[in-house]
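Welcome! Below you will find a few short exercises, each with a worked solution. Have a look at the structure first, then try each task before reading on.

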Amino acid sequence: MTDPTEPSATPDILNHDRPPVPQITAPRGVQPFHLENRPVRGRLVRLGPLADALLTRHDNPAAVTALLGQALALAAGLSTALKFQGSFSLQAKGDGAIGMLLADCTEAGALRGYARADAARLPEGPAPAADALLGKGYLAFTVDQGAEMERYQGIVAIEGETLAEMTGHYFATSEQLASRVWLAAAPTTAGWRAAALILERVAGEGGIGAEMSEAAQEDAWETALALAATITQAELLDDALLPERLLHRLFHAEGLALARPRPLSYGCRCSRARLAGVLSGFGTGDLDHMAENGTITMTCEFCNIDFHFDRAEVQAAG
């Protein structure tokens with residue numbers, strides 16, 4: 001069996017084989033739900049072993065890994081609220097120790113992410129908050145449906161101490177959507193785990209709780225928030241606590257109704273063909289500069305796998 005990261009008889013531009021990465025799926029990764037006759041809907045995201053497969057591709061400090069885990073769970077939860085073909089991404093860029101944080105999820109649930117961090121600049125302490133890690137910068141949410149469709153992107157300045165608070169600020173200022181997010185990511189005895197609970201308020205005229213007065217709708221929303229706020233990190237990350245049982249524990253008295261769960265999978269989309277296409281955009285001088293002993297090595301930032309190209313076989317642009 002050939003290794004798609006190494007030169008082979010197949011032309012690089014045609015080699016779409018995936019590199020040797022974990023084939024892991026979370027069949028019930030996202031559990032959508034709503035509260036009947038109340039203006040509340042949400043998603044519970046549990047990555048399970050998929051979190052460990054994604055987060056351990058890079059040897060990052062624990063604080064960096066935890067923030068990336070939260071971003072992955074958040075991207076998975078937000079993407080499943082949309083109808084689109086392509087990818088939904090969350091990106092934070094700042095002047096702190098983590099210069100770039102990126103997580104994205106396709107409409108099919110293929111999930112990937114990475115954090116670009118300077119370990120020497122990490123704040124002291126066992127668990128620095130997201131704002132201390134990211135510094136000043138921006139948070140962007142993007143839906144990319146390909147070259148034929150207009151890309152949608154919303155950007156706001158980073159505001160808040162945690163990634164959950166930053167997300168709340170984004171929705172309050174950019175989408176005017178009442179929402180609340182709870183995030184968790186941490187190492188466990190079974191490996192890294194990551195999870196998210198997302199609540200959204202639905203307008204009464206949208207058909208949920210339409211017969212309720214505005215005061216009753218506000219009261220139902222506040223009740224849901226108060227119940228959700230009782231959730232603990234241990235509950236969010238406990239593989240043995242099934243999603244439906246956790247949601248029942250929170251909302252059984254509020255008309256909990258579950259929708260069909262959505263799967264998530266290990267979703268790095270790198271291939272030799274994709275990276276060969278990137279190389280084809282460089283000029284001769286750049287390609288020569290990249291080569292070491294006649295070989296150009298490109299590393300996928302998501303799965304941290306090296307692809308090797310013979311310099312003599314790479315054609316320069318133009």
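How many cavities of 30 Å³ or more does the structure hold? Keep in mind as you work that this is a predicted model.

**Exercise 1. Find the cavity and describe its lining.**

Solution.
- Step 1: Begin with the count. The structure holds one cavity of 30 Å³ or more.
- Step 2: Turn to the volume. The largest cavity encloses about 40 Å³ of space.
- Step 3: List the residues around the largest cavity. Its lining consists of L54, R57, R112, G113, Y266, C268, F302 and C303.
- Step 4: Sort that lining by class. Five of the residues are nonpolar, one is polar and two are charged.

**Exercise 2. Place E235 in the fold, and decide whether E235 is buried or exposed.**

Solution.
- Step 1: Locate the residue. E235 is part of helix α6, which covers residues 233-237.
- Step 2: Check the accessibility. E235 has a relative accessibility of 14%, and buried means under 20%, so E235 counts as buried.
- Step 3: Follow the side chain. From E235 it reaches the backbone nitrogen of T232, at 3.0 Å.
- Step 4: Look for partners beyond four places in sequence. There, E235 is in contact with R46, T230, L241, L246 and R249, once its neighbours within four places are left aside.

**Exercise 3. Describe the surroundings of I231, and state how far I231 is from Q153 in space.**

Solution.
- Step 1: Find the segment. I231 sits in the loop between α5 (214-228) and α6.
- Step 2: Judge the burial. The relative accessible area of I231 is 9%, under the 20% limit, and therefore I231 is buried.
- Step 3: Collect the contacts. Setting aside neighbours within four places in sequence, I231 is in contact with W182, L197, L236, L246 and L250.
- Step 4: Give the distance. I231 and Q153 lie 31 Å apart from C-alpha to C-alpha, with a separation of 78 residues in sequence.

**Exercise 4. Work out which accessibility class G294 belongs to.**

Solution.
- Step 1: Locate the residue. G294 is in the loop between α9 (284-290) and β12 (295-299).
- Step 2: Apply the limits. Partly exposed covers values between 20% and 50%, so G294, at 41% relative accessibility, counts as partly exposed.
- Step 3: Name the contacts. Not counting residues up to four places away in sequence, G294 touches F309, D310 and R311.
- Step 4: Finish with a distance. Between the C-alpha atoms of G294 and L236 there are 50 Å, and the two residues are 58 apart in sequence.

Terms used. Residues are numbered from 1 along each chain as its sequence is written. This is a predicted model: local features need pLDDT of at least 70, side-chain atom pairs count only at pLDDT 80 or more; totals for chains, interfaces and linings use all residues. Side-chain values use heavy atoms; hydrogens and water are left out. Helices (H or I, at least four residues) and strands (E, at least two) are DSSP runs, numbered from the N terminus. Buried means under 20% relative accessible area, exposed over 50%, partly exposed in between (1.4 Å probe, protein chains only). A polar contact is a pair of N or O atoms within 3.5 Å; within protein, one must be able to donate a hydrogen and the other to accept it, and residues adjacent in sequence count only if both atoms are side-chain atoms. Contact means heavy atoms within 4.5 Å. On a 1 Å grid over the protein atoms alone, a cavity is a set of points where a 1.4 Å probe fits but cannot get out, and a pocket is an open set with protein on both sides within 12 Å along at least five of seven lines; lining residues have an atom within 4 Å of a point. Grid points are joined across faces, edges and corners, and a volume is the space filled by probe spheres set on the points. Ala, Val, Leu, Ile, Met, Phe, Trp, Tyr, Cys and Pro count as nonpolar, Asp, Glu, Lys and Arg as charged, and the others, Gly among them, as polar.
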